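Reader: Please show me the structure. I would like to go through it by question and answer.

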Amino acid sequence: MPLRSLQAICLMSFFLADVRDGLGPFLGIFLTQHQWQADDIGLVMSAGGIAGLLVTIPAGIVVDATLRKRLLIIAGCVLITAATLLLWFNHQAWAAGLSQVVTGISAAFIGPAVAGITLGVAGQSGFNRQMGRNEAFNHGGNMTAALLAGAASWYWGTGSIFILMTGMAVLAALAVSAIREQDIDHHAARGLESGAKEQAVPRLSILAKNPVLAVTGLTLLLFHLANAALLPMLSMRVTASGSNAINPGLYAAATVVISQCVMIPVALFTSARAEKVGYRGLIMIALLVLPVRAALAAWFSEPISVIPVQVLDGVAAGILGVAVPGYVVKLLRGTGHVNAGQSVVMFMMGAGAAFSPALTGAIATRYSYSVAFAVLGVIALAALLLWSLAGRGHQEAIHQPE
């Protein structure tokens, strides 16, 4: 395997951690400090999610078809940074909405492009191990960025986070440029076997008729509907409480650092054990964690409760970041439609994540944050139930000939 490009992929994953999602949990804090309400913040977050959602499947098809996967990632970094800086200088509704829409669309291309490059460089045999490394470096990047953001916001205010993200975007672009184009097998990046006949760009009907792919996507839709807003709402609850004892930016950084510390070893463990334990069982563990996490957030409002809540987040996210892409690659192996299939699952995940902030923000505004977290727990249980009921046919379907 080309060691230099694999190392560059790891560095790319590290720096993209602070770029792909824009401000992440700090967005809610920044807007709350500018007198925004929880439901308005939720709508703006959802606007970005919906925009990304609309281009997710086309993005996967583009990644399958294009030979310029590196350029897609670099362009995404530039657009996300520009959109975020716009919000720094102008926090009116139109600027916030535009910023999130551009971020959502750009991130939709970055995800499948990273997976495609990883598969194209590492190949089928090395994909799981490299994805585990990617996720470990990604979580390490998130943790590092959160520590720096927390310290910066403590000394210089929330605005310093924008400067940090810009620096990370520049380093991410440099890491992408270090991946050698000749090391990317664009044939393998689509999931085609060595020597297989080139296949056309997939028709959506082929993927839509795959029952395992559909159930996987629907399960993850419910998971992210319950999960996406949980971390931002934790930070917003502290900010809205008006307590001067806790710096909101530092609190948000702590929530990220705790979960990322857990995600790194979990991602490495998942990549090493995925083939032996099985993807379905690993995904089941992640689904089991979320209802417990939501219940803890609902019952305990003290700041210290963030520790167990975010430890559980690290377990679930660390597993899913490796297990889901690996599951889809195995499901669609040899079809030439891997990145398009990844985009279908990402579309379903994005649908849940897009509506999660608006749903949770509306409930928190009209009732309370505790009620909002309880509703998220119920949705998480629905995802677990669906995966359990549909599990019997998964192993049979995943080995069916194409």
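Reader: Is Trp88 buried, partly exposed or exposed?
Author: The classes rest on relative accessible area: buried is under 20%, exposed is over 50%, and partly exposed lies in between (1.4 Å probe, protein chains only). Trp88 has 30% relative accessibility, so Trp88 counts as partly exposed.

Reader: What kind of model is this, and how are residues numbered?
Author: This is a predicted model, in which local features need pLDDT of at least 70, side-chain atom pairs count only at pLDDT 80 or more, and totals for chains, interfaces and linings use all residues. Side-chain values use heavy atoms, with hydrogens and water left out, and residues are numbered from 1 along each chain as its sequence is written.

Reader: With which residue does Trp88 form a stacked aromatic pair?
Author: Rings of Phe, Tyr and Trp (its six-membered ring) pair if their centres lie within 6.5 Å; planes under 30 degrees apart count as stacked, over 60 as edge-to-face and the rest as tilted. The search of the whole structure finds 5 aromatic pairs. In one of them the centres are 5.3 Å apart and the planes differ by 10 degrees, which is stacked, and the partner of Trp88 is Phe162.

Reader: How many residues apart in sequence are the parts that this pair ties together?
Author: Helices are DSSP runs (H or I, at least four residues), numbered from the N terminus. Trp88 lies in helix H4 (residues 69–89) and Phe162 in helix H6, so the pair ties together parts whose separation in sequence is 74 residues.

Reader: Is Phe162 buried or exposed?
Author: The relative accessibility of Phe162 is 1%, so Phe162 counts as buried.

Reader: At what angle do helices H5 and H6 pack?
Author: Axes are lines fitted to C-alpha atoms, for helices over the stretch in contact, and angles run from 0 to 180 degrees between N-to-C directions. H5 covers residues 93–156 and H6 residues 160–177. Their axes are 8 Å apart, and the angle is about 150 degrees.

Reader: Which residues of H6 meet H5?
Author: Contact means heavy atoms within 4.5 Å. On the H5 side the residues include Gly141, Leu148 and Trp156. On the H6 side they are Ser160, Ile161, Leu164 and Met168.

Reader: Which backbone nitrogen does the side chain of Ser5 reach?
Author: Ser5 sits in helix H1 (residues 3–16). At 0% relative accessibility, Ser5 is counted as buried. Its side chain comes to 3.1 Å from the backbone nitrogen of Arg180.

How values were computed: Helices (H or I, at least four residues) and strands (E, at least two) are DSSP runs, numbered from the N terminus. A polar contact is a pair of N or O atoms within 3.5 Å; within protein, one must be able to donate a hydrogen and the other to accept it, and residues adjacent in sequence count only if both atoms are side-chain atoms.
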